[in-house]
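Reader: I would like a close look at one part of this model, taken slowly and with its surroundings brought in wherever they help to place that part. Please keep to what can be followed in the structure itself, and choose the part for me.

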Amino acid sequence: MSVLKNISVLLADDDEDDCILFKEAIQQVPIVTKLLIVRDGKKLMESLNKKTQELPDVVFMDLSMPIKDGFECMSEIRYSAALRHLPVVILSTHSNQEIITQIYKAGANHYVRKPGKFSDLKGLIYNAIKLVLASKENIFVNEKITLTKQKNL
């Protein structure tokens, strides 16, 4: 699937190194993107609730953030009439199945375990964005993203 669409991505993550890696990885996927980064859950919600700003096409969010964690933000997003249809991808180091189940019950569209390798991160971001773009015209369903090796990334 060749994607040429310019999409807006909002990343909410307090880890500076993870933000730098995400930014570098998203610049290398074959999708034109505009990236905004916020460092905590409060700033995420402030950004999403700004009336003067367009909503992003997708939010990538860490669970463990200061001030408001990912679960609190998910709750606010899903209970807001203006935000409830916003696609949210949770990026986390959690591998506990109970936590992953809670992530989906909270309303996340996708869950991605943060990979250890940069090339894997590029593939995960690319696959997540493709799922979001493919789902935009349909009802967005919860689906786990599996890591697959991508050629030419």
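Author: Two residues are said to be in contact here when they have heavy atoms within 4.5 Å of each other. With that in hand, the part I would choose is strand β3, and within β3 the residue Asp62; please keep in mind throughout that the model is a predicted one.

It helps to set the strand in the chain before going into detail. The chain contains five helices and five strands, and, read along the sequence, these follow the pattern β-α-β-α-β-α-β-α-β-α. The five strands form an open sheet, in which the pairing is parallel and the order is β2-β1-β3-β4-β5. At the edges stand β2 (33-38) and β5 (110-113), each of which pairs on one side only, and the twist from one strand to the next averages 20°.

In that order β3 stands between β1 and β4, and the pairing can be followed residue by residue. On one side, strand β1 (residues 7-12) is joined to strand β3 (residues 58-62) in the parallel sense over four bridges; here Leu11 stands opposite Phe60, and Ala12 stands opposite Met61. On the other side, β3 pairs with strand β4 (residues 88-92), again in the parallel sense and over four bridges, and in this pairing Phe60 stands opposite Val89. Phe60 thus has Leu11 opposite it in the pairing with β1 and Val89 opposite it in the pairing with β4.

The faces of the strand can be read in the same careful way. Five of the five residues of β3 are buried: Val58, Phe60 and Asp62 lie on one side, Val59 and Met61 lie on the other, and both faces are covered. For the chain as a whole, buried residues make up 45% of the 153 residues.

Asp62 deserves a separate word. Its relative accessibility is 8%, and since buried means under 20%, Asp62 counts as buried. When neighbours within four places in sequence are left aside, Asp62 is in contact with Ala12, Asp13, Asp14, Gly70, Leu91, Ser92 and Lys114. Of these, Ala12 belongs to the residue range of β1, while Leu91 and Ser92 belong to the residue range of β4. Contacts between distant parts of the sequence are a feature of the chain too, for among its contacts between residues at least 6 apart in sequence, 67% join residues at least 24 apart.

Beyond the strand comes the loop between β3 and α3 (70-79), and Ile67 is found there. Most residues other than glycine have a negative phi. Ile67, although not a glycine, has a positive phi of about 70°. Its relative accessible area is 61%, so Ile67 is exposed, whereas Asp62 is buried.

One of the contacts of Asp62, Lys114, leads on to the largest pocket, which holds about 180 Å³ of space. Of the 13 residues in its lining, those closest to the centre are Asp18, Leu21, Lys114, Pro115 and Leu121. By class, the lining has eight nonpolar, one polar and four charged residues. Helices α1 (16-27) and α5 (118-135) each supply at least two residues of this lining, and the largest share, four residues, comes from α1.

Leu21, which is found in α1, shows how the two helices come together at this place. Leaving out residues up to four places away in sequence, Leu21 touches Phe118 and Leu121, both of which fall in the residue range of α5. The C-alpha atoms of Leu21 and Lys117 are separated by 10.0 Å, although these positions lie 96 residues apart in the numbering along the chain. With a relative accessible area of 38%, Leu21 is partly exposed.

A last point concerns the segment before β1, where Asn6 has its place. Not counting residues up to four places away in sequence, Asn6 touches Val32, Thr33, Lys34 and Asp57; Thr33 and Lys34 lie in the range of the edge strand β2. The C-alpha atoms of Asn6 and Lys34, 28 residues apart along the chain, are separated by 7.3 Å.

Definitions and conventions:
Residues are numbered from 1 along each chain as its sequence is written. This is a predicted model: local features need pLDDT of at least 70, side-chain atom pairs count only at pLDDT 80 or more; totals for chains, interfaces and linings use all residues. Side-chain values use heavy atoms; hydrogens and water are left out. On a 1 Å grid over the protein atoms alone, a cavity is a set of points where a 1.4 Å probe fits but cannot get out, and a pocket is an open set with protein on both sides within 12 Å along at least five of seven lines; lining residues have an atom within 4 Å of a point. Grid points are joined across faces, edges and corners, and a volume is the space filled by probe spheres set on the points. Ala, Val, Leu, Ile, Met, Phe, Trp, Tyr, Cys and Pro count as nonpolar, Asp, Glu, Lys and Arg as charged, and the others, Gly among them, as polar. Two strands pair if DSSP finds at least two bridges between them. Axes are lines fitted to C-alpha atoms, for helices over the stretch in contact, and angles run from 0 to 180 degrees between N-to-C directions. Buried means under 20% relative accessible area, exposed over 50%, partly exposed in between (1.4 Å probe, protein chains only).
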